[in-house]
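Please read the points below with the model open beside you, and turn to each part of it as it is named. The note moves from strands to a helix, then to the contact between chains and to the salt bridges.

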Amino acid sequence: MNFWRVYRIAFQTIVTKEILRFMRIWVQTILPPAITTTLYFVIFGKLIGERIGEMEGYSYIDFIVPGLILMAVIQNSYANVVSSFFSTKLQHYIEELLIAPVPNWVILSGYVVGGVTRGTLVGVVVTIISLFFTDLQINSYSITLLVFVLTSILFALAGFINAVYAQSFDDISIVPTFVLTPLTYLGGVFYSISLLPSFWQDVSLINPVLYMVNAFRFGILGVSDIDLVVALGIILIFIVLLTLFSLSLLSRGVGIKN
Amino acid sequence: MAPLSHPTLVLVTALSIDNLRKTYRNGFEALKGINLTVEAGDFYALLGPNGAGKSTVISVIASLITKSAGRVSIYGHDLDSERETAKRLIGLVPQEFNFNMWEPVEEILINQAGYYGIPRTLAYQRAETYLKQLDLWDKRQSQARWLSGGMKRRLMIARALVHQPQLLILDEPTAGVDIEIRRSMWTFLREINRQGTTIILTTHYLEEAESLCRNIAIIDHGQIIEQTSMAKLLSQLNTEIFVLNLDQPLEVVPDVPGYTVSLQDGRTLEVEVLREQSMNDLFSQLSQQGISVVSMRNKQNRLEQLFIDLVDRSSGSVSS
Ligand SMILES: Nc1ncnc2c1ncn2[C@@H]1O[C@H](COP(=O)(O)OP(=O)(O)OP(=O)(O)O)[C@@H](O)[C@H]1O
Ligand SMILES: [Mg+2]
């Protein structure tokens with residue numbers, strides 16, 4: 001029996017199952033971010049944005065579009081993995097995977113790719129919506145795409161770790177509400193940190209989301225508060241750390257095996 | 001039809017468990033050094049009272065929990081060093097339902113097949129085969145939560161077979177299943193076994209174990225207290241109690257020399273018969289006294305009688 005072939009089929013099975021899951025409930029998974037971002041575009045972009053004027057030489061709506069797209073990607077990659085893997089645990093059908101000859105890294109990558117797929121789909125929908133409000137000129141397609149995918153992977157991994165530790169439905173909403181949302185809102189989605197007093201600029205630099213938002217904005221607009229290489233380096237380091245941590249949780253069976 | 005030969009039968013051990021221990025995280029020692037050998041092709045009963053440790057043993061074999069000590073090997077493949085090869089050989093029907101209730105029946109099988117690396121077209125064929133055999137084909141599009149309890153049990157059997165395991169482990173597969181379906185499940189399992197699949201079964205219906213299984217282990221308080229063949233075990237039974245229904249009511253307990261007799265009510269007589277005693281003698285003595293017997297049955301299943309004795313004895317020694 002060719003192990004690689006087995007792994008490939010197992011991986012495809014997990015990914016397909018994940019995609020079917022969020023597509024079946026698209027009213028809960030794809031529609032809400034589309035509505036929320038439309039509201040952001042209308043309120044912050046059009047109504048309030050026109051009074052704000054320019055930021056870093058761009059109209060306010062143009063400035064916030066990259067951040068809003070990335071915010072949707074972050075939230076949805078995270079949400080997909082955390083809720084899917086948590087129900088897998090809660091209803092015990094994780095056992096279907098545990099008894100099968102599937103290595104942990106295949107399980108992890110299956111769930112992560114599922115989350116990235118939803119993040120991508122939502123990102124594309126939000127981007128299309130943004131075209132009704134502004135004409136998006138993309139500075140560098142490769143950097144935009146790279147940051148988009150890496151950010152999505154990072155938050156899919158974070159969602160996975162949350163799900164491993166979660167014991168109840170409350171546990172899967174605590175992190176998004178109390179950690180993820182503040183980090184994104186304070187991560188330079190709506191403003192350039194150059195507007196902040198220097199103390200708060202320094203504090204902002206602890207926030208990893210800031211690096212992603214700025215790298216993504218650089219991909220689209222060509223402006224950033226942060227050096228691109230530093231930003232990409234930080235994203236990659238986080239991905240490596242979270243991957244190793246997730247794999248160690250899986251191999252120790254934390255939250256999964258007795 | 002000619003009986004199928006069992007090419008694997010010659011001295012192949014399907015399951016070997018050596019000094020298996022499990023202490024749960026809360027400090028509870030559920031398994032205290034289990035040794036167990038099941039030969040390929042066997043139909044094996046793992047019996048024991050509630051909380052004895054049956055499901056714990058099974059969960060270790062199926063990689064659902066981690067063991068604290070000991071070795072487990074499946075057809076010679078060690079669960080630690082050759083885990084993936086070993087896993088491929090095992091099919092598990094767990095005690096509790098563990099599928100996605102919102103997933104359609106057929107998809108549950110297809111996904112499980114996928115986790116074993118079975119390509120989709122083949123997976124659909126297998127799903128069709130087993131769903132038909134377990135009488136679930138009409139339900140293939142329904143979400144699992146809409147199945148009845150008995151159907152859910154059969155779904156788990158079908159799911160355990162999609163990768164055609166050599167060792168099928170069933171943890172109380174017939175709990176809550178009606179008599180008719182239970183019988184058809186027995187027929188199905190016997191057929192699978194006849195085709196060469198080794199089967200390990202736990203059940204609290206002892207007549208089920210007696211009718212299906214050739215070998216047996218009894219586990220209590222995390223220890224094996226008996227491991228033998230069904231035939232040998234049953235032959236240990238020295239006495240059997242028969243319940244006789246009488247034609248005419250009796251006033252006093254009849255005196256039947258050589259037998260212990262008691263009267264339950266006027267028309268029901270209980271007689272303890274030793275293994276070497278003949279029933280002819282009992283009946284001739286009764287008819288001499290003008291007592292005529294309408295019908296007769298065993299007071300309890302023979303295995304049940306033994307089981308209770310064994311477990312009582314072991315509880316005595318464990319608590320001491
Ligand atoms: N996760 C757990 N943590 C702590 N103790 C456990 C856990 N799971 C089972 N046990 C204990 O281990 C013992 C054996 O349980 P197990 O489920 O193996 O019994 P069983 O023989 O399958 O019983 P039953 O016939 O009721 O299914 C019981 O005392 C049980 O309470
Ligand atoms: Mg049990």
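1. Strand S11 (residues 239–246) of chain B and S13(B) run antiparallel and are joined by seven bridges. Within this pairing, Glu240(B) can be found opposite Val273(B) of S13(B). Please keep in mind throughout that this is a predicted model.

2. On strand S12 (residues 260–265) of chain B, the pairing with S13(B) is again antiparallel, and here five bridges are found. Val261(B) has Val271(B) in S13(B) as its bridge partner, and the two strands S12(B) and S13(B) form a hairpin that leaves two residues between them.

3. Why can strand S13 (residues 268–274) of chain B be described as largely enclosed by the rest of the structure? Five of its seven residues are buried, so the description follows from that count. For a student looking along the strand, it may help to recall that in a regular strand the side chains alternate between the two faces of the sheet.

4. Helix H4 (residues 60–90) of chain A has 31 residues, which at 1.5 Å a residue should span 45 Å, and because its end C-alpha atoms are 44 Å apart, the expected and the computed values agree. H4(A) nevertheless bends by about 25 degrees at Pro66(A). Of the 31 residues in H4(A), 26 are buried, so that the helix is mostly covered. After H4(A) comes His92(A), which has a positive phi, near 70 degrees.

5. How many residues of chain A are in contact with chain B? There are 27 of them, and they touch 32 residues of chain B. About 2800 Å² is buried between chain A and chain B, with 52% of that area coming from carbon and sulfur atoms. On the chain A side, Glu96(A), Ile99(A) and Asn258(A) lose the most area to chain B, and together they account for 26% of what that side buries.

6. Two salt bridges are found across the interface of chain A and chain B, whereas a search of the whole structure gives ten over all chains. In one of them, the side chains of Arg24(A) and Glu107(B) meet at 3.7 Å, N to O. This pair crosses from helix H1 (residues 3–24) of chain A, which holds Arg24(A), to helix H3 (residues 105–115) of chain B, which holds Glu107(B). Arg24(A) counts as partly exposed because its relative accessibility is 45%, while Glu107(B), at 19%, counts as buried.

7. A salt bridge also links the side chains of Arg159(B) and Glu96(A), with 2.7 Å from N to O. Because Arg159(B) lies in helix H5 (residues 149–161) of chain B and Glu96(A) in helix H5 (residues 94–98) of chain A, the pair joins two chains. Both partners are buried: Arg159(B) has 4% relative accessibility, and Glu96(A) has a relative accessible area of 3%.

8. To return to S13(B), the side chains of Lys299(B) and Glu270(B) meet in a salt bridge of 3.5 Å, N to O. The two residues are 29 residues apart and link distant parts of the chain, since Glu270(B) belongs to strand S13 of chain B and Lys299(B) to the loop between strand S14 (293–298) and helix H10 (302–319) of chain B. Lys299(B) is partly exposed at 41% relative accessibility, but Glu270(B) is buried, with a relative accessible area of 13%. Elsewhere, Lys67(B), Asp80(B) and Arg83(B) are joined into one network by salt bridges that share partners.

Key
Residues are numbered from 1 along each chain as its sequence is written. Chains are lettered from A and ligands numbered from 1 in the order in which they are written. This is a predicted model: local features need pLDDT of at least 70, side-chain atom pairs count only at pLDDT 80 or more; totals for chains, interfaces and linings use all residues. Side-chain values use heavy atoms; hydrogens and water are left out. Buried means under 20% relative accessible area, exposed over 50%, partly exposed in between (1.4 Å probe, protein chains only). Helices (H or I, at least four residues) and strands (E, at least two) are DSSP runs, numbered from the N terminus. Two strands pair if DSSP finds at least two bridges between them. The expected span of a helix is 1.5 Å times one less than its number of residues. The bend at a residue is the angle between axes fitted to the seven residues ending there and the seven starting there. Contact means heavy atoms within 4.5 Å. Buried area is the accessible area (1.4 Å probe) that two parts lose on being put together, summed over both. A salt bridge is a side-chain nitrogen of Lys or Arg within 4 Å of a carboxyl oxygen of Asp or Glu.
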